[in-house]
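Hi everyone, thanks for making room for me today. I'd like to walk you through one structure, slowly, so please have the picture open in front of you.

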Amino acid sequence: MPGRTRKTSRQFEKDKAAFFTQCKAQHAVCWLCGMPIDYSAVKNTTDDSFNLDHMFPVSKHPELQFDPAGFKPSHTSCNLSLIHISEP
């Protein structure tokens with residue numbers, strides 16, 4: 001469809017999976033609150049489960065959405081918090 005922007009790609013899906021595997025192996029903590037993430041829980045299913053966050057909000061920097069350098073580990077609850085939504 002003309003004018004439609006893709007929200008994902010095969011490479012993006014591979015990069016997300018690799019980032020999750022790396023974070024799980026390193027027991028990476030949430031970059032927003034500094035607390036441990038429950039990597040045994042299915043992604044995005046509980047408040048403490050892993051959620052891929054972006055250093056710069058995709059809503060303000062859509063050109064950086066697929067850049068793995070901007071990926072950050074977070075809790076699902078932290079990523080969806082009102083405090084985080086208001087960040088620049």
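Let me start with a question: what percentage of the 88 residues in the chain is buried? The buried residues make up 31%. Please keep in mind that what we are looking at is a predicted model.

Here is the overall plan. The chain has three helices and two strands, and read along the sequence they follow the pattern α-β-β-α-α. How do distant parts of the sequence come together? If we take contacts between residues at least 6 apart in sequence, 59% of them join residues at least 24 apart. On the outside, the accessible surface comes to about 6,200 Å², and 60% of that belongs to carbon and sulfur atoms.

Now let's go to helix α1, residues 10–26. We can do a little check on this helix. With 17 residues at 1.5 Å a residue, α1 should span 24 Å, and its end C-alpha atoms are 25 Å apart, so the two agree.

Which residues of α1 are buried? They are Phe-12, Asp-15, Phe-19, Phe-20 and Cys-23. These buried residues cover an arc of only 135° around the axis, which means they sit on the same side of α1. If that spacing in the numbers looks odd to you, here is the general idea. An α-helix has 3.6 residues a turn, so residues three or four places apart point the same way.

What covers that buried side? The cover includes β1 and β2. On the face of α1 turned away from the buried side, we find the exposed residues Arg-10, Lys-14 and Ala-25.

Let's zoom in on one of the buried residues, Phe-12, in helix α1. Phe-12 has a relative accessible area of 5%, and under 20% counts as buried, so Phe-12 is buried. Which residues does Phe-12 touch, once we set aside those up to four places away in sequence? The answer is Lys-7, Leu-52, His-54, Gln-65, Phe-66 and Phe-71. For another view of how the chain folds back, take Phe-12 and Pro-68: they are 56 residues apart along the chain, yet their C-alpha atoms are separated by 8.3 Å.

Staying on α1, let's talk about charge. Side chains of opposite charge can pair when their charged atoms come close. How many salt bridges does this structure hold? It holds one, formed by Lys-16 and Glu-13, with their closest N and O atoms 3.4 Å apart. Why are these two separated by about one helical turn? Because Lys-16 and Glu-13 are three residues apart in helix α1. As for their surroundings, Lys-16 is partly exposed at 27% relative accessible area, and Glu-13 is partly exposed as well, at 36%.

What comes after the helix? α1 is followed by His-27, which lies in the loop between α1 and β1. Phi of His-27 is near 50°, a positive value in a residue other than glycine. His-27 counts as exposed, at 62% relative accessibility. Asn-44 is found in the loop between α1 and β1 too, and it has a positive phi of about 65° although it is not a glycine. Asn-44 is partly exposed, with a relative accessible area of 47%.

That loop between α1 and β1 also holds Cys-30. Is Cys-30 buried or exposed? It is buried, with a relative accessible area of 2%. Leaving aside neighbours within four places in sequence, Cys-30 is in contact with Met-35, Ile-37, Pro-73, Ser-74, His-75 and Cys-78. Also, the C-alpha atoms of Cys-30 and Asp-48 are separated by 9.2 Å, and these two are 18 residues apart along the chain.

One last stop, back on the surface. Which residues form a nonpolar patch there? Trp-31, Met-55 and Phe-56 do, with about 260 Å² of accessible area together. Phe-56 sits in the loop between β1 (50–54) and β2 (71–75), and at 42% relative accessibility it counts as partly exposed.

If you turn the model yourselves later, try starting from the buried side of α1, with Phe-12, Asp-15, Phe-19, Phe-20 and Cys-23. Thanks for listening!

Definitions and conventions: Residues are numbered from 1 along each chain as its sequence is written. This is a predicted model: local features need pLDDT of at least 70, side-chain atom pairs count only at pLDDT 80 or more; totals for chains, interfaces and linings use all residues. Side-chain values use heavy atoms; hydrogens and water are left out. Patches are made of residues with over 30% relative accessible area and no salt bridge: like charges are joined within 9 Å, nonpolar side chains (Val, Leu, Ile, Met, Phe, Trp, Tyr) within 5 Å. Accessible areas come from the Shrake-Rupley method with a 1.4 Å probe; for residues, only the protein chains shown count as cover. A salt bridge is a side-chain nitrogen of Lys or Arg within 4 Å of a carboxyl oxygen of Asp or Glu. Helices (H or I, at least four residues) and strands (E, at least two) are DSSP runs, numbered from the N terminus. Buried means under 20% relative accessible area, exposed over 50%, partly exposed in between (1.4 Å probe, protein chains only). The expected span of a helix is 1.5 Å times one less than its number of residues. The arc is that of the directions from the helix axis to the C-beta atoms. Contact means heavy atoms within 4.5 Å.
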